[in-house]
Structures are given as C-alpha cells and as structure tokens.
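Visitor: Please give me one close look at a single part of this model, the nonpolar packing in its interior, and then work outward from there to the strands and side-chain pairs around it.

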Amino acid sequence: MGVSAAILVTGDLAVFTPDFGPAIVVVRPGTLAGSGPARHSGKPVCVEGDESKVQVPGCSYVAGNFSTPGVGTLEIQRLADDQLSRGVQTGGKHVLRAQGEFVARFTVTVPATQPGPTPTPDATPSYTGRGQFTTTNLNARG
C-alpha cells in the first residue's frame, strides 16, 4: 500500500480538466456529499459510491468543427485505484482519498453545431476526460 492521502469529506470538490478529447468543456467543480457514518470536523466522510452522485449540469462545450457551443453534464465515470483507501472503512465501505485522477464523462444534452446554411449537430453523445479531488482536510488520512 502506498503513502496515505487526505480523506474526502462533504463539501470537497471534484475538479474536472477542460480537455475531453476533441471536446473542450467550460468546466465547473462538482461538490461531494459524504454518506459515511464517520465524521471529520463535523462533516460526513465520503465513501465508495458517493462519487457517482456528483453531477455538474449546464456546462458548455465545443468540439472540432462544431464551434457553436452546446451544453452537457459532467460526472465521475470511474475512480482510480488509489482514490479508494483499502485500509480505512466506515459503514463497511472504503473511504475516498484526495489523490490520483478519476475518469470523467461529459454527456451532451444539447449538441454543439457546425455553423453554416444548415447547421450540423455534433452526433457524439458523450466524451471522456479526467479530473481530481481537492480537499480542505489537511490532517485526516487514509
């Protein structure tokens, strides 16, 4: 097992990178809501599964020749192995840790379009990117 990392608590952020392959997304962070029974500084600890509740709707994007912006939702698709503490659990679930990069998904809700006499919509339903967690917790580690 590697060096311990700060555990995540309610209010910590999932920060997405703007590069989603050919799509460039105007990102905003998502806020984590912990569901673990343990608390740190009065806030519930984030556990495995809490990442799937992070959604950031209403983000605009462009992709390739589709230069008229579209809109979509950011979410966490999959955690990196080192983002789950194998040694620390609460309520029977592994706690989330602030290290590594997760795999993110941008799901298109309104396609970007290619300008022209007959605008062509982007046919790609989703794009894959990355992100990482940031925390204000500097002392609880797992």
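Guide: The answer below begins with the conventions, then goes through the core, the strands, the cysteines and the charged pairs.

This is a predicted model, in which local features need pLDDT of at least 70 and side-chain atom pairs count only at pLDDT 80 or more, whereas totals for chains, interfaces and linings use all residues. Residues are numbered from 1 along each chain as its sequence is written, and side-chain values use heavy atoms, with hydrogens and water left out.

The largest nonpolar core (a set of buried Ala, Val, Leu, Ile, Met, Phe, Trp, Tyr and Cys residues joined through side-chain atoms within 4.5 Å) has 26 residues, and the members that touch the most others are F16, F20, Y61 and F106. Buried here stands for under 20% relative accessible area, exposed for over 50%, and partly exposed for what falls in between, with a 1.4 Å probe and protein chains only. Two or more residues of this core come from each of β1 (13–16), β3, β7, β8, β11 (102–110) and β14 (126–134), the strands being DSSP runs of E with at least two residues, numbered from the N terminus. Leaving aside residues up to four places away in sequence, F106 is in contact (heavy atoms within 4.5 Å) with F20, V25, C59, Y61, V71, G72, T73, L74, P125, S126 and Y127. A second core, separate from this one, has 5 residues, among them I7, V9, V45 and V95.

The aromatic side chains add a further layer to this picture. The whole structure contains 5 aromatic pairs, where rings of Phe, Tyr and Trp (its six-membered ring) pair if their centres lie within 6.5 Å, and planes under 30 degrees apart count as stacked, over 60 as edge-to-face and the rest as tilted. One of these pairs joins F16 and F102, whose ring centres are 5.6 Å apart and whose planes meet at 75°, so the arrangement is edge-to-face. Because F16 belongs to strand β1 and F102 to strand β11, this pair ties together parts that are 86 residues apart in sequence, and F16 and F102 are both buried. Ring pairs also link F20, Y61, F106 and Y127 into a cluster.

Among the strands that supply the core, β3 (residues 23–25) pairs with β7 (residues 55–63) in the antiparallel sense over 3 bridges; pairing requires that DSSP find at least two bridges between the strands. Within that pairing, I24 has V62 of β7 as its bridge partner. Strand β7 also runs antiparallel to β8 (residues 66–78), to which 6 bridges join it, and Q55 is there partnered by E75 in β8. The hairpin of β7 and β8 has 2 residues between the strands, and its G64 takes a positive phi near 55°. A further antiparallel pair, joined by 3 bridges, consists of β9 (residues 84–90) and β10 (residues 93–96). In that pair T90 stands opposite K93; T90 is buried at a relative accessible area of 11%, and its contacts beyond four places in sequence are G36, P37, A38, V45, V47 and V95.

The two cysteines to consider, C46 and C59, bring in no covalent link, as the structure holds 0 disulfides (pairs of cysteine sulfur atoms within 2.5 Å). C46 is in no disulfide, and the nearest cysteine sulfur, that of C59, is 20 Å away. C46 is buried at 0% relative accessibility, and C59 is likewise buried, with a relative accessible area of 0%.

Finally, there are 3 salt bridges, each a side-chain nitrogen of Lys or Arg within 4 Å of a carboxyl oxygen of Asp or Glu. R105 and E75 form one of them, with the closest N and O atoms 3.1 Å apart, and this pair links R105 in strand β11 to E75 in strand β8, 30 residues apart. R105 is partly exposed at 28%, whereas E75 is buried at 14%. Another joins R130 and E101 at 3.1 Å, N to O; because R130 lies in strand β14 and E101 in the loop between β10 and β11, it ties together parts that are 29 residues apart in sequence. The remaining bridge is that of D50 with K53, at 2.9 Å between the closest N and O atoms, in which D50 counts as buried at 2% relative accessibility and K53 as exposed at 53%.

Notes. Helices (H or I, at least four residues) and strands (E, at least two) are DSSP runs, numbered from the N terminus.
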